[in-house]
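Open the model in your viewer and keep the selection tool at hand. The stops below go from sulfur atoms to aromatic rings and then to the charged groups beside those rings.

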Amino acid sequence: MENRNGMNAQSQTQATRGDTLQRGRPRNSRRRRLLDSETQRMSSDRHQLAAVMNHEGDTDYLSLQTIVDSLSQDQMRHLFTLIAERTPSMLWEILVEQHMFNVENTQRPVQIPPPWCVCRCCRDMPTSIERVCCGNGPNHCLSHISDMNVVVLHQTVLAVADTYRRAIFGIPVDADENRRCRHSAYRQFTVWRYGRLGSRVRRVIPSCCVWRIRERYPDALGQYTGFVPHRRNVYD
């Protein structure tokens, strides 16, 4: 009798659990449907927002194009002067990208690349350890790829990196803006290509990239120290 009663009690318990699970499933299904519906609604909202932003961007572009077309020659000169004063690096990049102005040819005469150069963009360097090429072909020189412009040469990126470094090490700001950007660009290149700044082993930057950095942020007198392995700033 006890066994029978125990079996009946066990059967009732299992039946109760089954009923509970059956009752829980519709509730979980409703929650899943509500979650799916909310996800679809959010996705639709994002698409609508993106469409609005694209439309506004197109409208802004068309409005600016209309204004630019209506400017006189003197007004155009004044506009370019203001842009050059506020964002000179952006204007240089646009001029070079559009082949309107060859920065390299105006800053130095055409030079024959040294025999160890593969990319045809290097210059001879004062020491043998500095005579390093990026190794890419003439049409794919590392110093002229888009990532070099964004990661290593962009003035805002360099300013943020320099501010972060000074905050960590308590270094005073260098009053010479070009030298500050130049040194920051050397460090950016090293992290970008080698993954870290070496505390013991100093990395040599390819000649083509060194001179691309120097051309963007030149020394006023054209004087550069070069690669110094045992100094914190290994390049100048």
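How many disulfides does a search of the whole structure find? In this predicted model, the search returns zero.

**Cysteines**

Select Cys134 and show its side chain: Cys134 is in no disulfide, and the nearest cysteine sulfur, which belongs to Cys208, is 3.9 Å away. Because a disulfide requires two cysteine sulfur atoms within 2.5 Å, that distance of 3.9 Å does not qualify. Cys134 counts as buried, with a relative accessibility of 18%.

Move next to Cys208, and add Cys141 to the selection. The closest cysteine sulfur to that of Cys208 is in Cys141, and the 3.8 Å between them is too far for a bond. Cys208 is itself buried, at a relative accessible area of 3%.

**Aromatic pair in helix H7**

Now turn to the rings, of which the structure holds two aromatic pairs. Select Phe189 and Trp192, which form an edge-to-face pair with 5.6 Å from centre to centre and 85° between the planes. Both residues belong to helix H7 (residues 177-194), and because they are three residues apart there, about one helical turn separates them. Colouring by accessibility would set the two partners apart, since Phe189 is buried with a relative accessible area of 1%, whereas Trp192 counts as partly exposed at 22% relative accessibility.

**Aromatic pair at helix H8**

For the other pair, select Trp211 and Tyr224, whose rings are also edge-to-face, with centres 5.8 Å apart and 85° between the planes. Here Trp211 lies in helix H8 (residues 207-216) while Tyr224 lies in the segment after H8, so the pair ties together parts that are 13 residues apart in sequence. Trp211 counts as buried, at 16% relative accessibility, and Tyr224 is partly exposed, with a relative accessible area of 22%.

**Charges over the rings**

Which ring does the charged end of Arg123 sit over? Keep Trp211 selected and add Arg123: the charged end of this arginine sits over the Trp211 ring, 3.8 Å from the ring centre. Trp211 can therefore be viewed with two partners at once, Tyr224 through the edge-to-face pair and Arg123 through its charged end, while Trp211 itself is buried.

Finally, return to Trp192 and add Arg193, whose charged end sits over the ring of Trp192 at 4.9 Å from its centre. Leave Phe189 displayed as well, as it forms the edge-to-face pair with Trp192.

Terms used:
Residues numbered from 1 in each chain as written. Predicted model: local features only at pLDDT ≥ 70, side-chain atom pairs only at ≥ 80, totals over all residues. Heavy atoms only, no water. Buried < 20%, exposed > 50% of the residue type's maximum accessible area, 1.4 Å probe, protein only. Phe/Tyr/Trp six-rings, centres within 6.5 Å; stacked < 30°, edge-to-face > 60°. Helix = DSSP H or I, 4+ residues; strand = E, 2+ residues; numbered from the N terminus. Lys NZ or Arg CZ within 6 Å of the ring centre and 35° of its normal.
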